[in-house]
Every structure is written in structure tokens, then in C-alpha cells.
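Q: Please take a close look at a single part of this model, the surface near one DNA strand. Which residues and elements form it, and how is it placed among the other parts?

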Protein chains: 2
Amino acid sequence: MGLDDRKLAVLRAIVEDYVATQEPVGSKSLVERHQLGVSPATVRNDMAVLEEEGYIRQPHTSAGRVPTDRGYRLFVDRLSRVKPLSPAERRAIERFLAGAVDLDDVVHRTVRLLAQLTRQVAVVQYPSLARSRVRHLELVPISTTRLMLVMIADTGRVEQRLVELPAPVLADDVLDLRRLVNEKLVGVRLSETPPLVQALIDDCAPHLRPAMTTLSTVLLETLVERHEERLALAGTANLARGGLLDFQGSLRPILEALEEEVVLLKLIGEVEPSTLRVRIGDENEYDNLRAASVVSTGYGPGATIVGGMGVLGPTRMDYPGTIATVRAVARYVGELLAQN
Amino acid sequence: MGLDDRKLAVLRAIVEDYVATQEPVGSKSLVERHQLGVSPATVRNDMAVLEEEGYIRQPHTSAGRVPTDRGYRLFVDRLSRVKPLSPAERRAIERFLAGAVDLDDVVHRTVRLLAQLTRQVAVVQYPSLARSRVRHLELVPISTTRLMLVMIADTGRVEQRLVELPAPVLADDVLDLRRLVNEKLVGVRLSETPPLVQALIDDCAPHLRPAMTTLSTVLLETLVERHEERLALAGTANLARGGLLDFQGSLRPILEALEEEVVLLKLIGEVEPSTLRVRIGDENEYDNLRAASVVSTGYGPGATIVGGMGVLGPTRMDYPGTIATVRAVARYVGELLAQN
DNA sequence: ACTGGCACTCGCTACAGTCGAGTGCCAGAG
DNA sequence: CTCTGGCACTCGACTGTAGCGAGTGCCAGT
């Protein structure tokens, strides 16, 4: 059965009021606050239909209505009007990001900015290694049997790792090793390096084989397996704002989820082409997050996407505002990255 | 007025029971659970004195007694018996830390381990740069006007930073710059580098002056001013365990404090010679932490201290157990660092 | 198709009464 | 002088009852 325009307007009004007041909203206060042009009784009939269809529900008989996850979903998909950012917000974003000196700094500032603007928990993924290319590999001798491997990606990320060699290696040999790995790997997508790393062992001079074998193991770990992704987090204190009414009383599951990098990566890291994604309550596969919503998007220089960012809050959140903010911040960060 | 041995025993019993049950403890249940050898009435008299002296208090008239911050302090200073770690715990520590591949990994594993063993929030400071020495400086050309500066400290920490040169520089000149900075700075305590960095500009060949001037600015920032300290955090979900009874209802101030790196550094970073420090409730200068206690200590290879670590929990916490764990973990990590 | 009216539901608050853990104090024993 | 048993008292926690009011569903009327 179709929902006519007025019913949709009623749903929209319910969502907006509930988000604003955090209290179940009744038919009378609805017609008072919004210009619906009909009487409370009519609204009640509409509400009955909306409830039957699963968009709203009553916490108790004879209480007002509250949107369900499904209701929020409909609201987000079809009812929310875009909320343009205020000039003050735009300025805040520019000012905040302008002073960044390098990638680490950009990520840190971004995550704090997001948390502050949305007043929610913000998560930013460092530019994904899988999507980066090798810009340079450096081998720094620490002792005769120890090297520091430093990998610099074109996204600005730098990873380092200690290499314990099986036998002492001369300084000149280190230079040879360095030349070799750079020749073969610079410019290559990290995700495509494994076969090339294998080949390195065959290509190199026999007396370097043992060292190169060890080095290649570490290379593989650094480039592909380990640390794969890094995250920055901010604004956890915002979770404790809503007087413990959100998140049905306990922050524990949420805090636990936030400590699981794997979960967070799934949430904000799985980015399709530049779309913004909203996951509401139930829609999160992870059980601990059934009381939360996540707004996430990808970011990167130009059209390419190098990582994800997003915010997490109660299902009862200001979707239009949050969506606008996340989208704007991601675009600014993308522009910033494009400049380098 | 002095507190005789029995009164101290009563205080100890109150603390132990309250920590275990989280409920105000009365005279009757006290004598039942502990072998005090006297009647409830006697205990009541002792309690009256303890209350007068400010070691315990009554939440309401005719409720049991609860330790005050001052009571916990006395308990920690004079009454707690050392709780040796269980063999299982020792094994857990060893196993957990054994697999670490580099400094980052050590810090991450340590902070998780601490959080898990104490079931509280754990904080670990990365080896402080101020206490480290320069092991090596590397300059990686990114383009003709851009260098990546990589600093490796003897504690294993690696910092990197992008340098934007005022004018293009030849590859050979980069090598010269690298030789120069390494000659002058390797082996020097980071906190003592500023005058030497200044001198670098004078020492270098005239045509390198502009580049070296820029480089020296970045060097100073990297070595001394910026990022000075880093932290790792884990176990925030543990805050939400005690059913919101701890922390007088709101986690907000605590979560806020945990986001302020400066505050955390003050808490665990100010380490005196290898002592373990316990701050109970009020004793924290930071207001948001008046409902919390912090157990912290320094760590480092051998007798040197390179950083701090600690845990944060409700004032009502198992002090002996926590202290033992923190101390043990710090020692293990110190040994691990000494091996490198 | 909408509206006004009406009976009904049910959570919230206030109030009274009971219960019991725990206390302070006192007189008496060791 | 110290400890103990006894006793009256306090006060929070819990229970049950009652009234209020926001909000609903339904129905008859326009």
C-alpha cells in the first residue's frame, strides 16, 4: 500500500521532532509544531498506518510515537532535505585543515574536526596502503646485521620496520639491495607487489640471496600483510552526551566496537565509488552496533579514493546535518591531498 | 590521635570488602567475613573513630561505610599486602610480548595487555623523544624541491616529516646535507640538539645555506617541538563495566580526559626514578578525574626510564592487584627494550 | 475524507506503610 | 580501661494505592 504525501510529511515531522527533543512525539504536539493543515485526529489515523507499516512504534501504549530503524531509513532516503553548511562551518573546516604539515597531521586534524562539527564519534582511515603506490624504499643500516626499512607511499604514508639479517652485510651490499628493491618496486601498487618481491630473490647476486630472502619477507609483511590499515578516532566523549538514553543504557558494546579496528574498518573502509553510505541500527552487521548509526564516505585526491572516513552516533541523530558535514569534510580533505 | 592495629585492620577489611562487593559495608558482615576476633559493637566504635578521622564515610545515615579517598590512600600506603602475580598472568605477559616485531608493536601489545590484565583503561607513552638520542637521519629525495626527513632514535622510535625546499637541490647536494646532519647530530640527546642544529647552517657550504636553513627549521620541529610525545590507549570499554555506579553516573568527564593527550601525559609521563605512583581521586589535579584513580610507573631498558605507562580506573579499584600488574608489565617491557 | 468528541490505557508521581540493615549509646562484665 | 550485648532509633528500599495527564483508537457527523 502506498504512503501518500501527507503520511510522509507526518513521518518526516516525527523524525525531526524526535531527534530534536528525544521524546516520543504525539499527534497534538505534532500539528502544533508543524503546519500540517489537518487536525490531530487525522494525524492519528496516519500514524496508525505508519505504525502498521513498521516505520514508527509506540514505546508503550498511550505514549507518543518513535521512529523505527526502518522509519529512519525512509527518512534518509526520501524525506530529508539537504541542510547546507553554514558559512561559519565552512570557515571552520578551512581554517582547521589549512595548517596541516603532513599526512599524519591531516588525518589527526580531520578526525577532530569531524568529531567537533557533528558532535559525535569520528573515525578516519589513513590512506589505504592497498590503494597506494610505492614512492621510495630506504634501507638504513643500524648495525651490520640490522636494517631499518622505510617505505614511503605516494599518498604520503610512511611505514617503517626493523629487519634482522641472518648474517652481517657490508655497506656497499646494502646500497645494492636498496637499488634493487627500488628499481623493481617503485611506482607499483602495493597490492601488486607480492610476485615482484618473489622475483627479487632470483634477480639478485648470489651472495646477497640470504639477505634478500629475509628482506623480502619483511617487505611482504610491511607492504601487504601487516598494519594494512590504520585508523584515527576522536570524540568518544560525545557518546556520553545524550544522558545515557541513547544506546539503551550501556556504552559498553559501543566502546568495545570502537576498540576493534577490524570492525571499524569494515564500517568506514568499504568504500564504493565516492558514494556516501548510511547504516542505521539493525543494518550494521555487527551486533554491538545495533543501537548506533554510521555515516561514512570515501575520500581522496580528485576522483580516486584512498580511504574512508565517517562518524558514529545514536540512531536518533541529525542525519541531514551529519551527512552534509561528512560530505563536506571529505571533499575538503580530498582537495588538500590533491595539492600534494 | 593514633590508630591502633585493630582499627587499621578494620579499615583494610572495609576497603577489601567494598572493592569486592561495591556495596557499603556494615559492622556485622565485616566480622562475619574477616577474622577480627571482636564483636560488631566494637567494630562499630572503631568505625566511628575512622569516620571522625576522615578515612571512611556513610553514604546515608544507617547505611554501611565506604572508604574515602583518604582511606584508600592510607590503605595503599600502609595496609595493602602485595599480591603476587599468578603464574598464568606471568605466562600471559611473556607470551603476549614475545611476538613483538618492532617498537610500535611492543607499545600496542603492551597497552592491550595492561588493559586486559587489569580490566581497566591502559595508557602507554611511546619512548619519550626528549630522553632518546639520534641514531640516524635519512634524507629521501621525493622531488627536486622536496625531501622526506626520517629520524631514527636509539629507542627505536621513527619520526618522519616532509621538507619543502626553497629551491631545487641536486642529488649530490642531498648526500652532502645528509652527511652533515648525521656527522653533527648522531648520538646526541634530542633535547640537546638545538644549538648544534643552529651551528649546522654556519658549517655548511655557502650554496647549501638556503636548503640547510629550511632543513634546520624542520629538524628542530621534528626533534624538539612537534609530536613530542605519543600515546597508546586501550580498554576504554572497561569504563562501562561497573554498571555506571563508579564515576558517579557519567563517563563523560573521564572520556574527555582520555582525549586530552596533554592531561594523559601529565598523568603517566611525569616519571620520577623508577617509582610507581598512585593518584587517588582528589589527588588528580585535573577536575574531570576526581572520580578516578591512576596507577602509573616509568619503564625503560635497565635503570634508564624512557617513558611512562599506567592504568586508570574507579577509585574503588583493586589497588594491590593493579599495582602488581603494572609493575610487572613495566619490568617485562624494560627487559624487552634492553635486548635491542 | 476529515473532524470533534469520548472512553480508555498506562506510565509517572506522590503518598503511606512496612521491612530491615545498620547505627549510636549505655550499662555491665572482664 | 576495654570489650560486649542489648536496645531504641534512623532511614533507604520496596510495595501498594490513587490521581493525573498525555496520548490513543474509534465512531458518528459534516
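A: For the class counts that follow, Ala, Val, Leu, Ile, Met, Phe, Trp, Tyr, Cys and Pro are taken as nonpolar, Asp, Glu, Lys and Arg as charged, and the others, Gly among them, as polar. The model is predicted. On that basis the surface near DNA strand D has 7 nonpolar, 11 polar and 3 charged residues.

In all, 21 residues surround DNA strand D. The closest are A:Gly26 from chain A and B:Val38, B:His60, B:Thr61 and B:Ser62 from chain B. Three helices each supply at least two residues of this surface: helix 2 (27–33) and helix 3 of chain A, and helix 3 of chain B. Helix 3 of chain A gives the largest share, 4 residues.

DNA strand C has its own surroundings, formed by 20 residues. Here the nearest are A:Val38, A:His60, A:Thr61 and A:Ser62, together with B:Gly26. The elements that give two or more residues to this surface are helix 3 (40–52) of chain A and, from chain B, helix 2 (27–33) and helix 3 (40–52). In this case helix 3 of chain B makes the largest contribution, 4 residues. By class, the surface near DNA strand C divides into 7 nonpolar, 10 polar and 3 charged residues.

The placement of the two chains can be described by a superposition. A turn of 180° with a shift of 0.1 Å along the axis lays chain B on chain A with an RMSD of 0.2 Å. This is the relation of a two-fold axis.

For the sequence region involved, the UniProt record (an unreviewed entry) places a feature, "domain: HTH deoR-type", at residues 17–62 of chain A. Over residues 17–62, chain A is 54% helix and 4% strand, and the end C-alpha atoms are 18 Å apart.

Helix 4 (residues 69–79) of chain A comes next in number after the helices discussed above. Its buried residues are A:Gly71, A:Tyr72, A:Arg73, A:Leu74 and A:Phe75. The buried residues of helix 4 pack against several elements of chain A, namely helix 1 (5–21), strand 1 (56–57), strand 2 (66–67), strand 8 (276–280) and helix 12 (319–339).

The chains also touch each other directly, with 24 residues of chain B in contact with 24 residues of chain A. On the side of chain B that touches chain A, two or more residues come from each of strand 4 (134–143), strand 5 (146–153), strand 6 (158–164) and helix 10 (252–259). Strand 4 of chain B has the largest share of that side, 5 residues. By class, the side of chain B that touches chain A has 12 nonpolar, 4 polar and 8 charged residues. The copies meet through the same surface, because 100% of the interface residues of chain B are also interface residues in chain A.

Finally, strand 10 (residues 307–314) of chain B is largely enclosed by the rest of the structure, since 8 of its 8 residues are buried. Strand 10 runs antiparallel to strand 9 (residues 292–299) of chain B, with 8 bridges between them. B:Tyr299 has B:Gly307 of strand 10 as its bridge partner. Strand 3 (residues 121–125) of chain B is also antiparallel to strand 10, joined by 4 bridges, and B:Ala122 stands opposite B:Val311 in strand 10.

How values were computed. Residues numbered from 1 in each chain as written. Chains lettered and ligands numbered in written order. Predicted model: local features only at pLDDT ≥ 70, side-chain atom pairs only at ≥ 80, totals over all residues. Least-squares fit on C-alpha atoms with pLDDT ≥ 70 in both. Contact = placed C-beta atoms within 7 Å. Near = placed C-beta within 6 Å. Buried ≥ 20, exposed ≤ 12 C-beta atoms within 10 Å, placed from the backbone. UniProt positions renumbered as here; feature names shortened; annotations may be inferred. Pairing = 2+ DSSP bridges.
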